[in-house]
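Work through the exercises below with the sequence and the structure open beside you. Try each task before you read its solution.

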Amino acid sequence: MRLLNIIKGHVLTPVTGGDVLDIPRGAVAWSDGAIVDVGPVEEVLRRNPGAASILDHGERLIIPGLIDTHVHFPQIGMIASPGHELLQWLEQYTFPAEAAFANDGHCDTVADFFTDQLIANGVTTACVYGTVHPGSVDALFRHARTRGLRIISGKVCMDRNAPDELLDTPDSAAQQSLELYHRWHGVDRLEYAITPRFAPTSSDAQLQALGELASSLPDVPIQTHLSENSGECAWVSELFPWATDYTDVYEKFGLVRRRSVFGHAIHLSDSELSRLGAAEASLAHCPTSNFFLGSGIFGVNQAQKYSGLHVGLGSDVGAGTSLNPLATCAAAYQASRMIGSPLSATELLTLATLSSAEALGAGKHVGSLEPGKDADLVVLDPESSPVLRNRADYATTTAELLFALMMLGDDRAIAEVIVAGRRVN
């Protein structure tokens, strides 16, 4: 017998095709973890009698589960570490923090905390970096599976330009990745991602081995970093003198394709953007990290002009300063404003949901409130803080209210999270 659930409130969601559905007195019905109906509350109730539970959130906003396309779970403990640009920051903070994941108990503790924090911040799908240690990915997947989260993750691969205790080899990187793939890929809502950290920490031989692995697993996601920092770009030119540009490094080794997710991508040429679009690759916009490390400003609207190129939103914790997608949306707005191409509230919502789902190759499953998709929902409370409550009183449109939530909201604004049809907070 089908167990039907209904949630009532102000439904706001992007939908396939580019529109945004705005239903002030709306409802979403789901059963067996999947959405079965969305629409005005009276119609949903009439079409779906006998619901086992009806949650009433009044005038609160009901949106799709939020999506993080680029985040490092081992760095959650070193978030807000100050004072350096990317390469120095990696040496002083990131590598020491990741070395601790040689201990399986530490992996378990951090994965438990991290997955709880995803939910607390309304994130139901995330593309996540582990460390070089396979145990870090095992721990993350275990805790994500318990909570029902949709997680894409992989062990970081790097065989040079990092501390000895964090290095693998071309062979071990490919072999351990393949073992993790067989252990976890396709289990519930989990997927494995081939994960070279970035070109400077992988030799030609390692990139070749990972490219061959990718060729044998054509539907598997790939995640890495690309053109984040000007010093990094110059270093890539020195390390790969044969490459015409940074993107060419990944292209030569077969790592640019649909479901390749490249973090940051700030300093790309028109040629690179065009080639990435032709491959239907994806870029993860990480504005809080870009600002925090002084890396530069990424232009969402400009990148979206390239046919085939997907753009999603990423927190990039720990260089990013918040796991909360509302804060990431606020920073994305500031970045867009600074380059004279400001994103609207609905464009930001789409970026954090459906566009990010499509960037991860998961758009058939998540990213919008549409029948047949996973029942991942977040309820936003515009009265979660005194200043936000006061501002909400002056909002005259849904877009204005949503914008205020993004500029002023934090984890207190996450009133309810439903993951695959299950209430989890």
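**Exercise 1. Find which helices and strands supply the lining of the largest pocket, and describe that pocket.**

Solution. Begin with the elements: strand S4 (53-64), helix H15 (386-393) and helix H16 (398-408) each supply at least two residues of the lining of the largest pocket. Helices (H or I, at least four residues) and strands (E, at least two) are DSSP runs, numbered from the N terminus. The model is a predicted one, in which local features need pLDDT of at least 70 and side-chain atom pairs count only at pLDDT 80 or more, while totals for chains, interfaces and linings use all residues. Residues are numbered from 1 along each chain as its sequence is written, and side-chain values use heavy atoms, with hydrogens and water left out.

Next, take the residues one by one: 14 of them line the largest pocket, and Glu59, Pro382, Glu383, Ala392 and Leu401 lie nearest its centre. On a 1 Å grid over the protein atoms alone, a pocket is an open set of points with protein on both sides within 12 Å along at least five of seven lines, a cavity is a set where a 1.4 Å probe fits but cannot get out, and lining residues have an atom within 4 Å of a point.

Then give the volume, which is about 280 Å³; a volume is the space filled by probe spheres set on the grid points, which are joined across faces, edges and corners.

Finally, sort the lining by class, which gives 5 nonpolar, 4 polar and 5 charged residues. Here Ala, Val, Leu, Ile, Met, Phe, Trp, Tyr, Cys and Pro count as nonpolar, Asp, Glu, Lys and Arg as charged, and the others, Gly among them, as polar.

**Exercise 2. Describe the second largest pocket by its volume and its lining.**

Solution. The volume of this pocket is about 240 Å³. Of its 16 lining residues, Gln304, Glu347, Thr350, Leu351 and Ser355 are the closest to the centre. Helix H11 (300-303), helix H13 (345-352) and helix H14 (354-359) each contribute at least two residues to this lining, which divides into 6 nonpolar, 7 polar and 3 charged residues.

**Exercise 3. State how many cavities of 30 Å³ or more the structure has, and describe the largest.**

Solution. A search of the whole structure finds 3 such cavities. The largest has a volume of about 110 Å³, and among its 13 lining residues the closest to the centre are His72, Leu86, Leu90, His225 and Glu228. Helix H2 (residues 86-99) gives the largest share of this lining, namely 3 residues, and by class the lining of the largest cavity holds 6 nonpolar, 4 polar and 3 charged residues.

**Exercise 4. Identify the largest nonpolar core and follow the contacts of Phe114.**

Solution. The largest nonpolar core (buried Ala, Val, Leu, Ile, Met, Phe, Trp, Tyr and Cys residues joined through side-chain atoms within 4.5 Å) has 107 residues, and Phe114, Ile151, Tyr250, Leu276 and Leu283 have the most contacts inside it. H2 provides the largest share of this core, 7 residues. Buried means under 20% relative accessible area, exposed over 50%, and partly exposed in between, with a 1.4 Å probe and protein chains only. If neighbours within four places in sequence are left aside, Phe114 is in contact (heavy atoms within 4.5 Å) with Val71, Phe73, Ile76, Val128, Leu140 and Leu323. Another core, of 14 residues, lies apart from the largest one and includes Trp30, Val38, Ile62 and Leu377.

Terms used:
Points joined across faces, edges and corners; volume = space filled by probe spheres on them.
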